[in-house]
Amino acid sequence: PWRCPRGHGPLRGSALGGAEIGECPECAGLWLDEETFQHVVSDRTRAAVVPQGGTAAAAPKAVQADTVR
């Protein structure tokens with residue numbers, strides 16, 4: 001089982017975009033391995049592609065990694 005890199009104990013399993021991630025119930029941190037991260041980013045990039053004749057949505061604002069949920 002994964003443990004919180006911040007030392008808070010075991011992570012519980014959660015799903016993000018069909019991928020398994022670890023969530024710390026203590027600090028609310030979300031943790032995932034590189035392969036899962038690439039999968040989630042790839043899915044998001046594909047979802048951002050605008051069909052011909054469509055309009056693009058505004059890009060999300062950048063946030064600090066420690067505040068992402």
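Contact here means heavy atoms within 4.5 Å. On that basis, 22% of the contacts in the protein chain with a separation of 6 or more are between residues 24 or more positions apart. The legends below refer to a predicted model.

**View 1. The whole chain has one helix and three strands.**
Along the sequence, the elements follow the pattern β-β-β-α. Of the 69 residues in the protein chain, 16% are buried. The protein chain exposes about 5700 Å², and 55% of this area comes from carbon and sulfur atoms.

**View 2. Strands β1 and β2 run antiparallel and are joined by five bridges.**
Strand β1 covers residues 12–16, and strand β2 covers residues 19–23. Gly13 has Gly22 in β2 as its bridge partner. The hairpin of β1 and β2 has two residues between the strands, and Gly17 in this hairpin takes a positive phi near 60°.

**View 3. Arg12 and Glu23 form a salt bridge.**
The closest N and O atoms of the pair are 3.8 Å apart, which is inside the 4 Å cut-off for a salt bridge. The count of salt bridges comes to one. The pair links distant parts of the chain, with Glu23 in strand β2, Arg12 in strand β1, and their positions eleven residues apart. Glu23 is buried because its relative accessible area is 11%, under the 20% limit. Arg12, in contrast, is partly exposed, with a relative accessible area of 45%.

**View 4. Cys24 and Cys27 do not form a disulfide, because their sulfur atoms are too far apart for a bond.**
The sulfur of Cys24 has its closest cysteine sulfur in Cys27, at 3.6 Å. Seen from the other side, the sulfur of Cys27 has its closest cysteine sulfur in Cys24, also at 3.6 Å. A disulfide requires the two sulfur atoms to be within 2.5 Å, and the count therefore comes to zero disulfides. The two residues also have their own accessibility values: Cys24 is buried at 2% relative accessibility, whereas Cys27 is partly exposed, with a relative accessible area of 24%.

**View 5. Thr36 of helix α1 touches Ala19, Glu20 and Ile21.**
These contacts leave out residues up to four places away in sequence. Thr36 is buried, with a relative accessible area of 13%. Ala19, Glu20 and Ile21 are the residues touched, and strand β2 spans residues 19–23.

**View 6. Asp43 of helix α1 and Gly17 have C-alpha atoms separated by 7.7 Å.**
Asp43 and Gly17 are 26 residues apart along the chain. Helix α1 consists of residues 34–48. Asp43 is partly exposed, with a relative accessible area of 26%. Gly17 is the hairpin residue with a positive phi near 60°.

**View 7. Trp2, Leu32, Phe37 and Val41 form a nonpolar patch on the surface.**
Together, Trp2, Leu32, Phe37 and Val41 have about 340 Å² of accessible area. Trp2 is in the segment before β1. At 41% relative accessibility, Trp2 is partly exposed, a value over the 30% that patch members need.

Conventions. Residues numbered from 1 in each chain as written. Predicted model: local features only at pLDDT ≥ 70, side-chain atom pairs only at ≥ 80, totals over all residues. Heavy atoms only, no water. Buried < 20%, exposed > 50% of the residue type's maximum accessible area, 1.4 Å probe, protein only. Salt bridge = Lys/Arg side-chain N within 4 Å of Asp/Glu carboxyl O. Helix = DSSP H or I, 4+ residues; strand = E, 2+ residues; numbered from the N terminus. Pairing = 2+ DSSP bridges. Patch = residues over 30% accessible without salt bridge, like charges linked within 9 Å, V, L, I, M, F, W, Y side chains within 5 Å. Areas by Shrake-Rupley, 256 points an atom, 1.4 Å probe, with all protein chains shown as cover.
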